[in-house]
Amino acid sequence: MACWIASCLTVLLLALILGEILAKAWPAIRAFGFGFVTGVQWSPNRGVFGVLPVLIGTVLSSLLAMMLALPLGIAIALFLSEDFLPAPVRHGVRFVVELLAAIPSVVYGLWGIFIVIPLVQQYGAVISKKLGFLPFFAGPVYGNSLLTASLVLALMILPTITAISRNSLVSVPYALREGSYALGATRWETILAVILPTAAPGIVASAILAFGRAMGETMAVAMLIGNSQRLSWSLLSPSNTLSALLANQFAEADGIQVSALMYAAALLVILTLGVNVAGEFFLRHTQKATLGLR
Amino acid sequence: MTAPEHKQANFFTNDGKRTSLFRLIRNRFLTGLCIGLSLLTLVPLFSIVFLVVKNGLPLLGMNLFTELPPAPGLEGGGFGNAILGTVVMVGLALVAAVPLGILAAIYVNEYAPDSLLAKGVRFVAKLLTGIPSIICGVFAFAAVVMTTHRFSSIAGGVALAILILPTILLTAEQALLAVPRAFREASLGLGATHYQTICRIVLPEALPAIMTGVMLAVARAAGETAPVLFTALFSQNWIRSLMEPTASLSVMIYNFASLPYAYHIKLAWAASFVLVALVTITNVISQVIFRPKQP
């Protein structure tokens with residue numbers, strides 16, 4: 001009986017979270033409507049709230065982080081599933097990557113402030129001088145920038161990509177590999193033509209789930225991205241994300257600003273839940289497909 | 001329809017352009033690249049661990065755990081209040097989430113594994129793991145802070161409880177799943193009731209793995225900043241009641257990291273050292289406990 005109650009509570013919890021946030025966001029939803037999503041101004045003093053620049057910052061930083069982390073993640077997943085180096089080395093690397101997932105976000109932020117920000121300042125100036133004609137690299141260069149946040153985010157989502165990609169690589173049936181070897185293919189011809197294509201849906205799912213994780217990541221981003229609500233295409237200028245916006249403004253907010261922040265939180269929940277459900281669906285679909293191969 | 005097959009066939013056939021030397025070199029090159037990229041990721045991790053140890057370890061002493069943070073610009077002192085605050089809030093979260101998570105896991109795995117409710121619990125737990133940690137904070141803000149009109153460690157505890165509930169539930173379910181079916185059948189065959197079987201046979205057998213899940217949850221909760229940032233806020237003083245703003249290690253790192261005072265930044269590094277040591281130790285222990293059971 002107690003178990004039944006606990007189960008019901010767990011299921012109700014999600015509804016409760018969504019309900020509570022939507023209820024508190026309702027005044028802002030009624031006041032700003034869809035203009036909240038398309039508005040480019042966020043100035044609590046004047047009662048104007050629009051999150052378009054923040055939405056763009058959220059998607060852009062997460063997308064960039066995913067693109068940076070994906071090649072590395074696939075390389076590590078291959079490294080862990082193939083036998084390039086002896087098993088103890090692979091176990092060591094696997095443990096280290098898992099540890100990467102366990103380090104608190106705020107420690108990444110602290111590390112980013114003292115290591116990544118100076119690096120971005122130094123090399124960002126060089127990049128901006130050479131490639132400044134592209135809007136993505138236009139100056140002036142800031143250390144607290146979208147690029148800094150994306151670099152650290154990439155590191156933080158690497159374990160997600162590695163773990164899921166590795167699982168889908170390992171679940172490629174051994175017979176396929178043997179068949180390829182029997183036809184005279186080398187190891188890498190087998191990997192590129194047989195194993196990676198078979199595992200591709202799982203790798204795509206890992207990228208989607210990592211993207212979802214990156215969008216929800218808060219503290220490291222809040223410490224590194226510069227928290228600016230101005231619209232800018234340059235990766236080297238400050239930006240903001242939904243979660244960083246919440247982290248920075250909630251403690252001092254009152255009145256309609258609280259409601260507007262709740263609205264932003266609701267958007268964040270919808271975005272991350274949507275991405276996660278899509279990723280899980282993809283993953284489940286793949287698992288069925290690979291099982292069919294066996 | 002035939003085009004991709006044709007291309008695939010070309011990939012393997014040595015049609016004269018691909019000499020065996022080319023294939024050999026490409027094979028070696030890609031292997032090297034793969035190993036190189038994998039080892040490259042170790043660099044940031046070692047950089048983090050190195051800096052945390054280098055900047056945090058020299059400060060480590062008893063005063064860190066017993067004294068209050070210094071006033072801005074001054075030196076000396078520690079973060080005893082932040083450690084105590086973290087312990088209190090993680091404790092509150094455990095009190096709420098451990099019974100709930102384990103009971104729900106028992107229901108899902110022992111009583112009605114195929115029921116609609118069990119599927120619902122699994123689905124919701126999976127979704128909750130995907131919810132950003134800051135949303136737990138937003139919920140606790142809406143439900144507790146806005147109702148009681150004050151920041152408090154209760155609100156922080158509620159946020160952390162929601163954060164760790166799915167971890168505890170899912171690891172407990174895995175732990176129960178790993179108990180062999182024959183144990184249950186033997187117990188039931190000897191005349192024990194379903195309830196006796198769960199309490200005397202299944203739970204004791206699954207306990208080490210469940211405890212590991214709880215420890216991982218503790219390590220995670222202790223390091224999380226976003227859920228407590230605007231629910232428990234921060235305080236310069238010792239915690240006196242559960243209904244007032246409370247310091248925590250993670251929020252302290254966040255606050256001190258952007259201060260212009262060298263000693264406060266050192267304190268942030270020392271707090272990072274404590275947190276990183278905590279997650280490393282719990283991860284190593286969980287490896288030791290979970291590894292042999294993995295197929």
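Ala, Val, Leu, Ile, Met, Phe, Trp, Tyr, Cys and Pro count as nonpolar, Asp, Glu, Lys and Arg as charged, and the others, Gly among them, as polar. With those classes in hand, start at the largest cavity. Its lining has 6 nonpolar, 7 polar and 1 charged residues. The model is predicted, and each value below is computed from it.

The largest cavity holds about 100 Å³ of space. Its lining consists of 14 residues. Those nearest the centre are A:P53, A:G57, A:R230, A:S232 and A:S239. Helix 3 of chain A gives the most to this lining, with 4 residues.

How many cavities of 30 Å³ or more are there? The count comes to 3. The second largest has a volume of about 40 Å³. Its lining is made of chain B residues, namely B:T86, B:M89, B:V90, B:L160, B:A221, B:A222, B:E224, B:V228, B:S248 and B:S250. Two elements of chain B, helix 5 (80-111) and helix 10 (194-223), give two or more residues each. The largest share, 3 residues, comes from helix 5 of chain B. By class, the lining of the second largest cavity divides into 6 nonpolar, 3 polar and 1 charged.

Now turn from cavities to a pocket. What sets the two apart is access: the probe cannot get out of a cavity, while a pocket is an open set of points. The second largest pocket has a volume of about 520 Å³. It is lined by 22 residues. Nearest its centre lie A:W111, A:V116, A:L151, A:L155 and B:P44. That list names residues of chain A and of chain B.

Which helices supply at least two residues each to this pocket lining? In chain A they are helix 3 (52-81), helix 5 (105-131) and helix 6 (146-170). In chain B, helix 3 does so. Helix 5 of chain A gives the most, with 8 residues. The lining of the second largest pocket divides into 19 nonpolar, 3 polar and no charged residues. The lining of the largest cavity, for its part, includes 1 charged residue.

B:P44 leads on to the next feature. This residue is in helix 3 of chain B, where B:L42, B:V43 and B:P44 meet B:S38, B:L39 and B:L40 in helix 2 of chain B. The residues of this contact divide into 5 nonpolar, 1 polar and no charged. Helix 2 of chain B covers residues 20-40, and helix 3 of chain B covers residues 42-56. Their axes come within 5 Å and cross at roughly 20°. Angles under 35 degrees count as roughly parallel, so helix 2 of chain B is roughly parallel to helix 3 of chain B.

Step back to chain A as a whole. It has 11 helices and 2 strands. Along the sequence the pattern reads α-α-β-β-α-α-α-α-α-α-α-α-α. The C-alpha trace of chain A spans about 70 × 65 × 30 Å along its principal axes. Chain A has 294 residues, and buried residues make up 54% of them. Contacts in chain A often join distant parts of the sequence. Of those with a separation of 6 or more, 74% are between residues 24 or more positions apart.

One pair of residues in chain A is worth finding. A:A163 lies in helix 6 of chain A. A:S206 is 43 residues away along the chain, yet the two C-alpha atoms are separated by 8.2 Å. A:A163 counts as partly exposed because its relative accessibility is 42%, between the limits of 20% for buried and 50% for exposed.

Two loop residues round off the tour. Which residue of chain A has a phi near 50°? A:N227 does, and this is a positive value in a residue other than glycine. A:N227 lies in the loop between helix 9 (219-224) and helix 10 (242-249) of chain A. At 28% relative accessibility, A:N227 counts as partly exposed.

Chain B offers B:L233. Its phi is near 55°, again a positive value in a residue other than glycine. B:L233 is found in the loop between helix 11 (226-229) and helix 12 (249-257) of chain B. With a relative accessible area of 23%, B:L233 is partly exposed.

Key: Residues numbered from 1 in each chain as written. Chains lettered and ligands numbered in written order. Predicted model: local features only at pLDDT ≥ 70, side-chain atom pairs only at ≥ 80, totals over all residues. Heavy atoms only, no water. Axes fitted to C-alpha atoms, helices over the stretch in contact; angles between N-to-C directions. Parallel < 35°, antiparallel > 145°, perpendicular 65-115°, else oblique. Contact = heavy atoms within 4.5 Å. 1 Å grid on protein atoms, 1.4 Å probe; cavity = no way out; pocket = protein on both sides within 12 Å on 5 of 7 lines; lining within 4 Å. Points joined across faces, edges and corners; volume = space filled by probe spheres on them. Buried < 20%, exposed > 50% of the residue type's maximum accessible area, 1.4 Å probe, protein only.
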